[in-house]
Amino acid sequence: MSAAAVKILIIDENRIRAAIIEEGLREAGHAAVTVIHDVAGIARRIADEQPDVIVIDLENPNRDMLESMFQLTRAVKRPIAMFVDRSDSASIEAAVEAGVSAYVVDGLRKERVKPILDMAISRFNAFSRMARELDEARTELESRKLIEKAKGILMKSRGLSEEAAYALLRRTAMNQNRKIAEIAQSLITAASLLGPGDGT
Amino acid sequence: MNARVTAGFLPLLDSAILVAARQKGFAADEGIDLALVRENSWASIRDRLAVGHFDVAHMLAPMPIAHNLGLAPLAARTIVPMALGLGGNAVTVSLPLWDAMRAHGATDDFDPAATGAALRAAIAEGQRPRFAVVHPHSGHNYELRYWLAACGIAPDADVEIVVVPPPLMSDALAAGRIDGYCVGEPWNTAAVAKGVGRIVTTKAAIWHSSPEKVLGVAAGWAEANPDALAALLRALYRAAVWCGEAGNREELAAMLAAPDHVGAPAEWLLPALTGRIAAAAGETAAVPDFFVPQAKAATFPWKSHALWFYSQMVRWGQVAASARNASVARETYRPDLYRAALKPLGVALPGANAKVEGALTAATPVGSAGASLVLGPDGFFDGRIFDPERLDQYLTSF
């Protein structure tokens, strides 16, 4: 059996993350990768696909259902164990840390599965990092918009230059030990309460 | 004492004791910084306990036994030094299944014998209803099966039993993917509130004063941190007392309703706390001891409870009967740790580690160390008795 013959099923409601993992596995030479986003009818899918390895995010609420299915039903012909080797605690810890759980059919050799699990872990981590960066970028953009708006209010109501308006916001933030965006938000809120025109 | 303890929990009413221990300052009073982490599945609770993310967790009572019997993948050795209350579950069916049961004489008083007989008659007409439970190793699975079997319904032949996560139960029922389920509150009341299901019986009616959730503790953590564990048990005991006081119900319901905790409306949580259960909208009836957080030694880890769960694991083919397996189940529960930790509180503690389950037909004062203690009633609806001293006889009686 060549490396490409290991059949992998990815179950992830997050389509972007699933795509990232799938891409990583395909790049590593695994051609038999199936992705499903919805657990409805999963018993039939597993019976059809007969996967050797199932990768699912740790937070998926349906894991109890999946595990009981692995234990009880005839949908899965070979018994499925979680992870590869219980003695490989570093690997298990890395997986749980990354939010990955993996189920592997019994008898599949550790050397065959380890690279797949490692790939899933690294892609999960990459996705988390990306999501965090995206979140930060979004917050940053929101902050800039708030500060622009607050500057406009100060320039108009107090006749300040743009630089002076920004300096005032920054000084206030430093004095109150708060972020400039928070001061800007407070100012915008106050302006919208105080009078028409200057606010939103 | 100054220790940080991380506890995993699922969004269920019976996480109440853990939530109150943190929110009402009982943990802090004992020098415990109790961090609560909400999880989505029992599998996650198990995994994160195994890798040390959690020190302790809200667990289905049979789970730690299954861990120690090697029935669960990747499980840490787990001990049970405390239970987290008695009761709290119910059985809910879809409206079409209820109509069929009603046509066969189902009563609306939660009587397990009457509703079970009606279900059996409906099945005899050719139905094969699909029921959901929350986990194979759960009180829900075993009490549902106990009820069905005692009513002449074979759980593996006459019905199908599947696993569905608690918060998704009522939606699965509404969508017709399942016909009924056994789950903890508020997920029965949720189906009633949404008008998609009817509560037909309760855990308290099937087996009065029966065990449900426990505090599962990673054995390694318990051995390395005996003082922190003892302090935590005292905090949880005091939290259980607070949860059991009628005057605190509204506050507790509001606390549990928060998105970080159960994340469901407070009015869905109140029925279990007051014991006034609505089988359907506007049909409310009192269920004695529906959920008992503290009274009747509700937090005591009875070895007879552990052995009853083991007996049901054997009964339903999850584990082989052996003296060794029975011993693993018995030793999972640690009433010794409970007693040692609570001794300084001077509260009523059972003198025995095990009791005959189902023997008490009425509330009965029992011998205890210190203050007085009342136990029971603890009967099974079919009148059977479980004597842990006669385990083998019980196993062969089914």
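The following conversation goes through a predicted model of two chains, A and B, one question at a time.

Biologist: Into which domains is chain A divided, and how many ångströms apart do the C-alpha centres of domain 1 and domain 2 of chain A lie?

Modeller: The assignment for chain A gives domain 1, which covers residues 3-132, and domain 2, which covers residues 138-194. When the centres of domain 1 and domain 2 of chain A are taken over C-alpha atoms, the distance between them is 48 Å.

Biologist: Are helix α4 and helix α5 of chain A roughly parallel or roughly perpendicular?

Modeller: Helix α4(A), residues 89-98, packs against helix α5(A), residues 110-158, with the axes 9 Å apart and at an angle of about 30°. Angles under 35 degrees count as roughly parallel, and therefore the relation of α4(A) to α5(A) is described as roughly parallel.

Biologist: Which residues of α4(A) meet α5(A), and how many residues of this contact are nonpolar?

Modeller: On the α5(A) side the partners are Leu117(A), Ile121(A), Phe124(A) and Asn125(A), and on the α4(A) side they are Ser91(A), Ala94(A), Ala95(A) and Ala98(A). Sorted by class, the contact of α4(A) with α5(A) has no charged residues and two polar ones, and the number of nonpolar residues is six.

Biologist: How are α6(A) and α7(A) placed relative to each other, roughly perpendicular or roughly parallel?

Modeller: Helix α6(A) spans residues 162-176 and helix α7(A) spans residues 180-194, and their axes come within 8 Å and cross at roughly 110°. The contact is made by Leu169(A), Arg170(A), Thr172(A) and Ala173(A) from α6(A), together with Ile180(A), Ile183(A) and Ala184(A) from α7(A). By class, this contact of α6(A) with α7(A) divides into five nonpolar residues, one polar and one charged. Since angles from 65 to 115 degrees count as roughly perpendicular, α6(A) and α7(A) are therefore roughly perpendicular.

Biologist: Which element of chain A gives the most residues to the side that touches chain B?

Modeller: Between the chains, 19 residues of chain A are in contact with 18 residues of chain B. The elements of chain A that give two or more residues to this side are α3 (63-72), β4 (80-82) and α4. By class, the residues on the side of chain A that touches chain B are eight nonpolar, five polar and six charged. With six residues, the element that gives the most to this side is α3(A).

Biologist: Is chain B as compact as a globular protein of its length, or less so, and what is its radius of gyration?

Modeller: Chain B has 18 helices and 18 strands, and its C-alpha atoms fill a box of roughly 60 × 45 × 40 Å along the principal axes. The globule rule gives 21 Å for 398 residues, and the radius of gyration of chain B is close to that value, so chain B is as compact as a globular protein of that length, with a radius of gyration of 20 Å.

Biologist: Which element gives the largest share of the side of domain 1 of chain B that touches domain 3 of chain B?

Modeller: In chain B, domain 1 is made of residues 3-85 + 211-263 + 292-339, domain 2 of residues 89-206 and domain 3 of residues 349-396. The centres of domain 1 and domain 3 of chain B are separated by 21 Å, and 14 residues of domain 1 are in contact with 15 residues of domain 3. The elements that give two or more residues to the domain 1 side are α15 (303-315) and α17 (335-342) of chain B. The largest share, six residues, comes from α15(B).

Biologist: Are helices α13 and α14 of chain B oblique or roughly parallel?

Modeller: The axes of α13(B), residues 249-257, and α14(B), residues 266-274, come within 9 Å and cross at roughly 135°. Angles over 145 degrees count as roughly antiparallel and those from 65 to 115 as roughly perpendicular, while the rest that are not under 35 count as oblique, and therefore α13(B) is described, relative to α14(B), as oblique.

Biologist: Which proline follows Glu185(B) through a cis peptide bond, and where does this proline lie?

Modeller: Most peptide bonds are trans. The bond from Glu185(B), however, is cis, with omega near 10°, and it leads to Pro186(B). The place of Pro186(B) is the loop between β9 (180-184) and α9 (189-193) of chain B.

Key: Residues numbered from 1 in each chain as written. Chains lettered and ligands numbered in written order. Predicted model: local features only at pLDDT ≥ 70, side-chain atom pairs only at ≥ 80, totals over all residues. Axes fitted to C-alpha atoms, helices over the stretch in contact; angles between N-to-C directions. Helix = DSSP H or I, 4+ residues; strand = E, 2+ residues; numbered from the N terminus. Contact = placed C-beta atoms within 7 Å. Nonpolar A, V, L, I, M, F, W, Y, C, P; charged D, E, K, R; others polar. Domains from an automatic or database assignment. Rg over C-alpha atoms; globule rule 2.2 N^0.38 Å.
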